[in-house]
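Me: I'm new to this structure and would like a friendly tour of its pockets and aromatic rings. Could you take my questions one by one?

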Amino acid sequence: FAGKGKLVQAAVVAAGVLFNIILAWFLISASFTAGLTASSRSVAAGTPFENAKLVIEGVVPNSPAENSGLRAKDEVVAITTSKDSLQLQSLTAESVRDFIAANEGEKIAVSYKRGGENMTAFAEPQKGIAGERPAIGIIMDTEGEIDLPIHKALWYGGKTTAYFTAETGKAVWNFFKDILYGRADVSSVIGPVGLVGIVGEVYQFGFLNLLIFTALISINLAIINLIPFPALDGGRLLFILIESIKGTPISQRVTHTANALGFIILILLMILITWHDIANLIAR
């Protein structure tokens with residue numbers, strides 16, 4: 001390895017990261033060919049849906065929506081006032097938000113389905129729930145089935161993989177930036193023990209959702225492994241870059257010591273995270 005050119009060395013070191021991304025692409029594409037049920041915010045923009053429906057994903061506590069009886073997972077089928085209405089074919093999260101904002105002070109009837117039963121809730125838009133824009137306090141998204149032929153599944157699977165990778169990269173960057181500013185929420189960090197519980201919860205929503213979750217884990221591994229820290233592939237790539245710039249190899253003693261220290265730190269961090277996971281399990 002040491003006798004190869006820097007491009008070859010970099011390619012070998014980066015191969016693990018690359019195949020983490022390829023694995024994620026394969027898993028996402030496979031789920032897209034098998035009829036995955038997903039929301040529009042959980043896949044790349046433009047991914048085609050079948051049997052799309054507008055679903056309430058969350059309700060703001062003590063909002064007009066909660067007080068009217070609306071709940072998460074309710075399917076919105078129509079929204080009306082005494083003067084105007086939005087029917088099923090016109091329903092999108094954006095159109096509903098605009099309709100509600102344009103009817104401040106009006107009593108709005110939200111027709112929805114829950115467990116196959118048609119129901120209606122009445123709520124009056126208010127300011128202060130979503131800033132100065134009148135709202136009733138519902139978070140909505142389009143849900144539907146993604147069932148694509150293999151060539152389209154690979155295309156949209158690739159787009160969704162790129163979307164997940166970019167969003168994961170931003171999240172990791174913001175996390176480490178928050179650490180520097182002392183405002184990071186380290187309680188959200190989990191290790192293998194914590195993942196076991198989450199895998200069980202995800203599997204309850206179906207095998208295809210488990211494939212998507214596995215793809216997310218693979219993307220997370222790729223991003224974390226690219227961090228320029230000793231013992232990670234990102235640290236090795238950093239050494240290769242330094243050697244390329246300076247024109248001479250870094251002392252093996254330096255690289256071995258740095259990688260050994262980095263490995264020890266990573267193991268200690270893993271022990272700490274595992275202890276945190278076990279403590280959370282006991283607390284439950």
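**Pockets and ring pairs**

Me: What is the volume of the second largest pocket?
Reply: Happy to start there, with the reminder that this is a predicted model. The second largest pocket is lined by 16 residues. Its volume is about 500 Å³.

Me: Which residues lie nearest the centre of the second largest pocket, and which elements each supply at least two residues of its lining?
Reply: Thr37, Ala38, Ser39, Ser42 and Asn209 lie nearest the centre. As for the elements, at least two lining residues each come from strand 1 (36-39) and helix 6.

Me: How many residues in the lining of the second largest pocket are charged?
Reply: The lining divides into three kinds of residue. Nonpolar residues number 9 and polar ones 4. The charged residues number 3.

Me: Now the largest pocket: what is its volume?
Reply: This pocket is lined by 34 residues, and Val189, Ile190, Asn220, Ile224 and Ile273 are the ones nearest its centre. Its volume comes to about 1,600 Å³.

Me: Which element gives the largest share of the lining of the largest pocket?
Reply: Two or more lining residues come from each of helix 4 (150-180), helix 5 (192-203), helix 6 (207-225) and helix 8 (252-283). The largest share is 9 residues, and it comes from helix 8.

Me: How many residues lining the largest pocket are nonpolar?
Reply: In this lining, 1 residue is charged and 6 are polar. The nonpolar residues number 27.

Me: Let's turn to the rings. How are the planes of tyrosine 163 and phenylalanine 164 arranged: stacked, tilted or edge-to-face?
Reply: A search of the whole structure finds 2 aromatic pairs, and tyrosine 163 with phenylalanine 164 is one of them. Their ring centres are 5.8 Å apart, with 40° between the planes. An angle under 30 degrees would count as stacked and one over 60 as edge-to-face, so what remains is tilted.

Me: Is phenylalanine 164 buried or exposed?
Reply: Its pair partner, tyrosine 163, has a relative accessible area of 30% and is partly exposed. Phenylalanine 164 has 10% relative accessibility. Because the cut-off is under 20%, phenylalanine 164 counts as buried.

Me: And what kind of pair do phenylalanine 175 and phenylalanine 176 form?
Reply: The ring centres of phenylalanine 175 and phenylalanine 176 are 5.6 Å apart. Phenylalanine 175 is partly exposed at 22%, and phenylalanine 176 is partly exposed at 39%. Their planes stand at 80°, so the pair is edge-to-face.

How values were computed
Residues numbered from 1 in each chain as written. Predicted model: local features only at pLDDT ≥ 70, side-chain atom pairs only at ≥ 80, totals over all residues. Heavy atoms only, no water. 1 Å grid on protein atoms, 1.4 Å probe; cavity = no way out; pocket = protein on both sides within 12 Å on 5 of 7 lines; lining within 4 Å. Points joined across faces, edges and corners; volume = space filled by probe spheres on them. Helix = DSSP H or I, 4+ residues; strand = E, 2+ residues; numbered from the N terminus. Nonpolar A, V, L, I, M, F, W, Y, C, P; charged D, E, K, R; others polar. Phe/Tyr/Trp six-rings, centres within 6.5 Å; stacked < 30°, edge-to-face > 60°. Buried < 20%, exposed > 50% of the residue type's maximum accessible area, 1.4 Å probe, protein only.
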